[in-house]
Amino acid sequence: MKSLLVLALLVSSAVAAPPAKKYHFELTAVTPKPDVKPDVAKVAQDRVEAQFKKALETNPQLNTGLDNAPDPATKADAYRHYLTQKGISGSYLVTVEITEASEEIQPMDGKPNSQRMVVHVGIHVLGETIPGRTMGFTGDGQATVKQEIGMKIRDADRNYAWDGAAETAVGDALKTCFAKLAQPKAKP
């Protein structure tokens, strides 16, 4: 009897949770702010772009393919109707700006043959509605990865740290974006 009650509670709580809204994002650009140092800007740009594209393909709230969609520039109402039919809550052109990026090598106290690589990435995401190109949402994300390395810096260590920081920053930004998109629209 107890197990049936627990099962009933689990089923009712699962039914009560509304499904996550789905969105269509088109990545238009990933650019570093001018004050991000050029040597790390290129590394950060490549990593953030790769991780954002990966998130577009794997995040269950994102739909990248809009097969046979009407042209939003010439048939805006038909495009909106198409989104509704597909269960997509909104369509957005997305730009990502790298606001911070750094890599630092620090000595490790008490470990004479070790160092620590510290990689930091901060991003700002801006979404403009399709159609219309009006402000849709913003979101910020950042991450710092600290990795113990030996005295020689291997490419694998650097790649792991940068990929981890970029992936976490993108995930953090998308979480913020989805939370803002889920809020009820203010009535004019």
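Which residues have the most contacts inside the largest nonpolar core? Here are some notes to go with the structure, which is a predicted model.

1. **The core.** To take the opening question straight away: Phe-25, Val-48, Phe-52, Ile-123 and Val-125 have the most contacts inside the largest nonpolar core, a set of 37 residues. The elements that each give two or more residues to this core are S1, H2, S2, S3, strand S4 (135–149) and H4. H4 supplies the largest share, with eleven residues. There is also a second, separate core of seven residues, and among its members are Leu-66, Tyr-82, Leu-93 and Ile-130. As background, nonpolar side chains tend to be buried together in soluble globular proteins.

2. **The overall layout.** It may help to step back for a moment. The protein has four helices and four strands, and from the N terminus on the elements follow the order α-β-α-α-β-β-β-α. Of its 188 residues, 35% count as buried. Among contacts with a separation of 6 or more, 72% are between residues 24 or more positions apart. The accessible surface comes to about 11,600 Å², and carbon and sulfur atoms account for 55% of that.

3. **Helix H2.** This helix is worth a look in your viewer. H2 covers residues 38–58, 21 residues in all, and reaches 30 Å from its first C-alpha to its last, close to the 30 Å expected at 1.5 Å a residue. Its buried residues are Val-40, Ala-41, Ala-44, Val-48, Gln-51, Phe-52, Ala-55 and Leu-56. Seen down the axis of H2, these buried residues fall within an arc of 140 degrees, so they line one face of the helix. An α-helix has 3.6 residues a turn, so residues three or four places apart point the same way. On the other side of H2, Asp-39, Glu-57 and Thr-58 are exposed.

4. **What covers H2.** The cover over the buried residues of H2 includes strand S1 (22–32), strand S2 (88–107), strand S3 (115–129) and helix H4 (155–182). Phe-52 gives a good local view: leaving aside neighbours within four places in sequence, Phe-52 is in contact with Phe-25, Leu-27, Val-94, Val-96, Val-125, Val-170 and Leu-174.

5. **Gln-51.** Is this residue of helix H2 buried or exposed? Gln-51 counts as buried because its relative accessibility is 12%, and the cut-off for buried is under 20%. Not counting residues up to four places away in sequence, Gln-51 touches Asp-163, Ala-166, Glu-167 and Val-170.

6. **Strand S3 and its partners.** S3 is mostly covered, with twelve of its 15 residues buried. S2 and S3 run antiparallel and are joined by 15 bridges; Ile-123 in S3 is the bridge partner of Ile-98. S3 and S4 also run antiparallel, and 14 bridges join them. His-120 stands opposite Thr-144 in S4.

7. **The hairpin turn.** One last detail to check by eye: S3 and S4 form a hairpin with five residues between them. In that turn, Gly-132 has a positive phi of about 105 degrees.

Technical notes. Residues numbered from 1 in each chain as written. Predicted model: local features only at pLDDT ≥ 70, side-chain atom pairs only at ≥ 80, totals over all residues. Heavy atoms only, no water. Expected span 1.5 Å × (residues − 1). Buried < 20%, exposed > 50% of the residue type's maximum accessible area, 1.4 Å probe, protein only. Arc of directions from axis to C-beta. Contact = heavy atoms within 4.5 Å. Core = buried A, V, L, I, M, F, W, Y, C linked by side-chain atoms within 4.5 Å. Pairing = 2+ DSSP bridges. Areas by Shrake-Rupley, 256 points an atom, 1.4 Å probe, with all protein chains shown as cover.
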